[in-house]
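New to this one? Have a look at the model first, and then we'll talk through its helices, pockets and cavities.

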Amino acid sequence: MLPLFLAVLLLPSAAGALTREEARHLLVRSGFAAEPAEIAAFEPLSRTEAVERLLREAGSEARAPAPPWTVGWRPPRLEDLSSEERRLLRRQNRERGLELKGWWMREMATSPAPLTEVMTLFWHNHFTSSLRKVKAPVLLYRQNVLFRKEALGNFARLLHAVARDPAMLVYLDGARSKKDAPNENFARELFELFTLGEGHFGEADVKDAARAFTGWSLDRQSGAFHLREGWHDGGEKTVLGQRGRFDGEDVIALLLDHPRTAAFVVEKLWRTFVSETPEPAEVQRLARLFREAGYEIKPLLAAIFTSDAFWAAENRGRLIKSPVDLLVGTLRLFDLPVEDYGDLARLSRRLGQDLFDPPNVKGWPGGSDWITTASLLDRQALLARVTGGKARATMQRSAMQDASSTGRAGRARLFDAWVDGLPATWQSAESVSLLLLAVPAVDVEVLDLRASGAQVRQLLSDPAYQVK
């Protein structure tokens, strides 16, 4: 395994301290927001030093306390429940699902290591599972813990763990897959969505891989992974041109040996952190580094964040913020109070990103799909309300009424106090426009030299606040 520091040393690096704009770019792309104090802390660093610091400070565990029901859970035996007990169980699962979504929103909004949460969200959208299908919030919580543990860890280890993950086994129908009736759902998504992508495997590969995963099931008492030997097909199989008595672990090993797997993951990370159009030569360079580092994720991120493409002017301000980016970033930047993080999760769902419930096995497509005429109006209404301004559009009252328990006037006072409390070096309108907008599109000369709450609200209505 290639050590992180060595991987960074082998990369082209830029000498000299970051500019204020560069520090903001790195922090917003790798997190949710760039606060003035964070920018000031990163400005003296070179690009390589700044990236090393980001990766060094990343964690692997949540700071927010987990919901109490995540401890001691046992799968219910539905066949033993009355119709009324089943109804109550469905209601309980809905309530716990919303609590789980709020818990993660709180972690993202308050975590001292936002890159960890960004990567946890990336893996959640890569290895999708949903509460709608799984119907057991505790299994989605455990999966989230796994994603955070390996968020910046090792992709090979994560892939092996996901194949045994109970939420995934339920979501893709693997828990009931038997040798006399193998289910192909997990095998298909393993090839198409998790490793190789379309066009790099055949139907015969999927069918034989599905046989390899038969018997991978769950324990009825604990809900943990359980291998049912009597259900497993131990016969010979042919996968990606190799023949043998493969089981699921063998199939995963074959996929990790395939050069396309590293490139596929790199392309998705490129679209997340650099631009919507991966550069083929750079993808191959980064994929080679990824494979040589044994699928360690930190060296790959170090290479992406120190690449010329990441810092290129033409790639700044070109990625549209997801609803989570927008909501969490706004909360973090302005230090806004939240009465109930479950309400924040509802807002995210209203804007198109329902945590723990992606739309389908492909996850949220992202990019320009985040913005529609309706969603843009909802985004602007949200930003106006959370800052105490007047909304131009109306969102559902149930989603907006608890944006803050202080009410509109109280939110306005808190927002104005944030503006008044900016460090002296940030108090000009021009400086604040740099802080908020990835690509400033306003004429700062028409604004007062000293920033005000009204001017900052004006900046938030600029489309440039929707990108990063």
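Here are some questions and answers about a predicted model.

Q: Is helix α12 mostly covered or mostly open, and how many of its 10 residues are buried?
A: Start with where the helix sits: α12 runs over residues 203–212. To count as buried, a residue needs under 20% relative accessible area. Among those that pass are D205, V206 and D208, and A209, A210, R211 and A212 pass too. That makes the helix mostly covered, with the buried count at 7 of 10.

Q: Which elements are included in what covers the buried residues of α12?
A: Both helices and strands turn up here. The strands included are β1 (216–218) and β3 (237–239). The helices included are α11 (185–195) and α13 (248–257).

Q: Which element gives the most to the lining of the largest pocket?
A: This pocket has a volume of about 1400 Å³, and 44 residues line it. Elements that give two or more residues to that lining are α5 (83–110), α7 (131–134), α8 (137–149), α10 (166–171), β1 and α19 (341–350). With 10 residues, the top contributor is α5.

Q: How many charged residues are in the lining of the largest pocket?
A: Nearest the pocket's centre lie L78, V134, K135, A136 and V170. Sorting the whole lining by class gives 18 nonpolar and 6 polar residues. The charged ones number 20.

Q: Where does the largest share of the second largest pocket's lining come from?
A: This pocket has a volume of about 1000 Å³ and is lined by 34 residues, with N125, K268, T272, W364 and P365 nearest its centre. At least two lining residues each come from α6 (114–126), α11 and α14 (259–273). The largest share is 7 residues, and it comes from α14.

Q: How many polar residues are in the lining of the second largest pocket?
A: Its lining splits into three classes. There are 13 nonpolar and 11 charged residues. The polar count is 10.

Q: Which elements give two or more residues to the lining of the second largest cavity?
A: The model has 4 cavities of 30 Å³ or more, and the second largest has a volume of about 100 Å³. Its lining includes M168, L169, F186, A187 and A210. The elements giving two or more residues are α10 and α11.

Q: How many charged residues line the second largest cavity?
A: Among the lining residues are A163, L172, F213 and W216, along with G174, S177 and N183. By class, 9 are nonpolar and 3 polar. As for charged residues, there are none: no charged residues.

Key. Residues numbered from 1 in each chain as written. Predicted model: local features only at pLDDT ≥ 70, side-chain atom pairs only at ≥ 80, totals over all residues. Heavy atoms only, no water. Buried < 20%, exposed > 50% of the residue type's maximum accessible area, 1.4 Å probe, protein only. Helix = DSSP H or I, 4+ residues; strand = E, 2+ residues; numbered from the N terminus. Contact = heavy atoms within 4.5 Å. 1 Å grid on protein atoms, 1.4 Å probe; cavity = no way out; pocket = protein on both sides within 12 Å on 5 of 7 lines; lining within 4 Å. Points joined across faces, edges and corners; volume = space filled by probe spheres on them. Nonpolar A, V, L, I, M, F, W, Y, C, P; charged D, E, K, R; others polar.
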